[in-house]
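Trainee: Before we go through this model, could you set each value against the definition behind it, and only then conclude?

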Amino acid sequence: MQDPRPRGLVVTGWHPPSRPDGSVMTGRYACLEPLDADAHAALLYRAFDGHDWVWDYMPVGPFTSAAQFHRWMREAVVGEDICYYAIRDLETGTWGGFASYLRMQPEAGSIEVGFIAMAPALQRTRAATEAMFLMMEWAFKAGYRRYEWKCDALNRPSRRAAQRLGFSYEGVFRQATVVKGRNRDTAWFAAIDKEWPALREAFSVWLSPKNFAEDGQQLERLSDLTRLVRVGADPTLND
């Protein structure tokens with residue numbers, strides 16, 4: 001007989017995790033450290049300079065001067081709602097972007113990765129992928145049950161990145177907000193804790209030096225490795 005009042009499974013042995021503490025995260029190709037205006041603003045402004053399109057889907061930018069960028073960063077990192085990290089490519093030694101944890105809800109076991117800006121030199125590199133892996137790994141190790149990725153529904157590169165990284169597509173929230181005077185429909189993606197072991201293995205295979213030829217070309221695509229883990233595919237994309 002079907003239960004007329006079905007309820008979710010009882011969650012046992014779980015306790016709300018801590019909020020991110022700003023610890024440095026270091027891998028083989030990438031290093032993330034807490035974003036600091038004095039340490040990173042000038043270097044990141046130089047990396048972003050001349051590439052205003054990077055800010056098209058961001059709630060801030062483009063920035064017209066290094067001083068303006070420094071001022072924004074100095075004020076942004078003070079708040080407690082967002083935890084920013086600067087991203088360094090260890091293969092080149094350069095700082096090329098930043099990312100953050102936001103919408104942190106430890107009591108619900110949910111956290112989002114977002115506010116991501118990567119300069120062209122960092123995009124499509126092993127460091128960029130490993131930076132996302134390191135942030136995901138920290139969240140699940142800390143005890144979060146749900147790891148979210150949200151983006152403007154028109155931002156196809158971000159939607160493609162989410163799917164490649166193993167996030168499952170969950171739908172579009174129409175007229176979710178207004179950004180820079182424009183409507184934004186928001187596409188939602190997420191990974192959950194029971195998927196993490198398989199996703200971690202996929203990242204481990206992809207990030208292994210054995211997965212790259214001498215010229216740096218990948219032998220196996222990460223999207224191929226994560227496809228079997230995802231439970232929802234973005235219908236607007238092809239892997």
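Trainee: What makes eight residues in the lining of the second largest pocket nonpolar, and how do the others divide?

Mentor: The classes go by residue type, with Ala, Val, Leu, Ile, Met, Phe, Trp, Tyr, Cys and Pro counted as nonpolar, Asp, Glu, Lys and Arg as charged, and the others, Gly among them, as polar. On that basis the lining of the second largest pocket has eight nonpolar, two polar and three charged residues. This is a predicted model in which local features need pLDDT of at least 70 and side-chain atom pairs count only at pLDDT 80 or more, while totals for chains, interfaces and linings use all residues. Residues are numbered from 1 along each chain as its sequence is written, and side-chain values use heavy atoms, with hydrogens and water left out.

Trainee: How much space lies in the second largest pocket, and which residues are the closest to its centre?

Mentor: The second largest pocket holds about 210 Å³ of space. It is lined by 13 residues, of which Pro20, Gly79, Ile82, Cys83 and Tyr84 are the closest to its centre. A pocket here is an open set of points on a 1 Å grid over the protein atoms alone, where a 1.4 Å probe fits, with protein on both sides within 12 Å along at least five of seven lines, and lining residues have an atom within 4 Å of a point. The volume is the space filled by probe spheres set on the points, which are joined across faces, edges and corners.

Trainee: Why is helix α1 called oblique to helix α2?

Mentor: The axes of α1 (residues 37–48) and α2 (residues 66–76) come within 9 Å and cross at roughly 135°. Angles under 35 degrees count as roughly parallel, over 145 as roughly antiparallel, 65 to 115 as roughly perpendicular and the rest as oblique, and the angle of this pair therefore makes α1 oblique to α2. Their contact has eight nonpolar, two polar and two charged residues.

Trainee: Why, then, are α3 and α5 described as roughly antiparallel?

Mentor: The axes of α3 (residues 126–142) and α5 (residues 196–207) cross at roughly 155° and come within 11 Å, so the two helices are roughly antiparallel to each other. Their contact includes eight nonpolar, one polar and four charged residues.

Trainee: How do you know that the peptide bond from glycine 61 to proline 62 is cis, and where does glycine 61 lie?

Mentor: Omega of that bond is near 0°. Glycine 61 has its place in the loop between α1 and α2, as does proline 62. Beyond its neighbours within four places in sequence, glycine 61 is in contact (heavy atoms within 4.5 Å) with Trp55 and Lys180.

Trainee: What is notable in the phi of arginine 103?

Mentor: Phi is near 45°, a positive value in a residue other than glycine, and arginine 103 lies in strand β4 (residues 94–105).

How values were computed. Axes fitted to C-alpha atoms, helices over the stretch in contact; angles between N-to-C directions. Helix = DSSP H or I, 4+ residues; strand = E, 2+ residues; numbered from the N terminus.
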